[in-house]
Amino acid sequence: PPVEDNPEPQQELLFVYDISTSTPTQVAEIGGWESGTSRLTLGGELLVGTWSSEASHGLAMIGLDGSDRADPAKFGLEASYDDCSDCPTAFTIDGAGALVAWVDTGVAAFADALSGGVLATLAVPDEYYSDAQVEGQYLVLTRPELPALLVDIATGGVTQLPAGTVTLLPS
């Protein structure tokens, strides 16, 4: 079969599903050819994660109404990071929608989701984290091919978890 130079347009669409009415609602386009997002975490009316497109990445923050709520400058972040292995990544939000967290070169940062003001930073092992989740006083950092780390935000303690997928449940 012939090979096309330009592949067909591709889309990754985000839907919200209302369980009570069995109704899916398209919220946003979150990816396409060589672009997309990490796992998105829900906090209040916001979905937060890391967007990427080829060699660039940055903060993804999407309202459930489909609006782009990302304002990286509010958090002291750049709009995007290009071809960079030691830049902020693993963006996440807590279930209440109050706290946004990310990792940047051995530091986990925690900021108020509305004002963007950084509330705290904690030292974490300087490694690549593919994903993060924050809930209550805990942050889980996922490392490719290694056990996840559980960070106690209150004490700064770091515990290596058993191998496998880890998800924090709301308290």
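Modeller: A disulfide is taken here as a pair of cysteine sulfur atoms within 2.5 Å, and the structure to which we apply this is a predicted model.

Biologist: Which two cysteines form a disulfide?

Modeller: A disulfide is a covalent bond between the sulfur atoms of two cysteines. A search of the whole structure finds one such bond. Its sulfur atoms lie 1.6 Å apart, which is within the cut-off of 2.5 Å, and they belong to Cys84 and Cys87.

Biologist: Is the disulfide of Cys84 and Cys87 left-handed or right-handed?

Modeller: The answer comes from the torsion about the S-S bond of Cys84 and Cys87, which is about 85 degrees. Because of that torsion, the disulfide is right-handed.

Biologist: Is Cys87 buried or exposed?

Modeller: Its partner Cys84 has a relative accessible area of 24% and is therefore partly exposed. For Cys87 the relative accessible area is 14%, and since buried means under 20%, Cys87 counts as buried.

Biologist: Turning to the sheet, in what order do the four strands stand?

Modeller: The four strands form an open sheet, and their pairing is antiparallel. The edge strands, each of which pairs on one side only, are β12 (131–135) and β15 (158–160). From one strand to the next the twist averages 20 degrees. Read across the sheet, the order is β12-β13-β14-β15.

Biologist: Which residue in β13 stands opposite Gln133?

Modeller: Strand β12 pairs with strand β13 (residues 138–143) in the antiparallel sense, over five bridges. Within β13, the residue that stands opposite Gln133 is Val140.

Biologist: What residue in the turn between β13 and β14 has a positive phi?

Modeller: Strands β13 and β14 run antiparallel and are joined by five bridges, with Arg143 standing opposite Leu146 of β14. The two strands form a hairpin with two residues between them. The residue in this turn with a positive phi, of about 65 degrees, is Glu145.

Biologist: Why is strand β14 largely enclosed by the rest of the structure?

Modeller: The reason lies in how many of its residues are buried, a word that means under 20% relative accessible area. Strand β14 covers residues 146–152, and it is largely enclosed because the buried residues number six of the seven.

Biologist: In the hairpin of β14 and β15, which residue takes a positive phi?

Modeller: Three bridges join β14 to β15, and the two run antiparallel, with Val151 opposite Val158 of β15. Their hairpin has five residues between the strands, and the residue that takes a positive phi, near 80 degrees, is Gly156.

Biologist: How many residues of strand β6 are buried?

Modeller: Strand β6 (residues 56–63) is largely enclosed by the rest of the structure. It pairs with strand β5 (residues 46–53) in the antiparallel sense over eight bridges, and two bridges join it to strand β7 (residues 81–82), again running antiparallel. The number of its residues that are buried is eight of the eight.

Biologist: What is the bridge partner of Trp51 in β6?

Modeller: The hairpin of β5 and β6 has two residues between the strands, and there Glu54 takes a positive phi near 55 degrees. On the β7 side, Ser56 has Asp82 as its bridge partner. For Trp51, the bridge partner in β6 is Gly58.

Biologist: How many salt bridges are there?

Modeller: Side chains of opposite charge can pair when their charged atoms come close. One of the pairs is Asp65 with Arg69, whose closest N and O atoms are 3.5 Å apart, where Asp65 is exposed at 58% relative accessible area and Arg69 is partly exposed at 36%. The count of salt bridges comes to three.

Biologist: How many residues apart are Arg39 and Asp131?

Modeller: Arg39 and Asp131 form a salt bridge, with their closest N and O atoms 2.9 Å apart. Arg39 is partly exposed, with a relative accessible area of 36%, whereas Asp131 is buried at 12%. Arg39 sits in the loop between β3 (35–37) and β4 (41–43) and Asp131 in strand β12, so that the pair links distant parts of the chain, 92 residues apart.

Biologist: With which residue does Arg143 form a salt bridge?

Modeller: Arg143 is buried at 8% relative accessibility, and its partner is partly exposed, with a relative accessible area of 32%. Arg143 lies in strand β13 and the partner in the loop between β11 (118–123) and β12, 16 residues apart. The closest N and O atoms are 3.0 Å apart, and the partner is Glu127.

How values were computed. Residues are numbered from 1 along each chain as its sequence is written. This is a predicted model: local features need pLDDT of at least 70, side-chain atom pairs count only at pLDDT 80 or more; totals for chains, interfaces and linings use all residues. Side-chain values use heavy atoms; hydrogens and water are left out. Two strands pair if DSSP finds at least two bridges between them. Axes are lines fitted to C-alpha atoms, for helices over the stretch in contact, and angles run from 0 to 180 degrees between N-to-C directions. Buried means under 20% relative accessible area, exposed over 50%, partly exposed in between (1.4 Å probe, protein chains only). A salt bridge is a side-chain nitrogen of Lys or Arg within 4 Å of a carboxyl oxygen of Asp or Glu.
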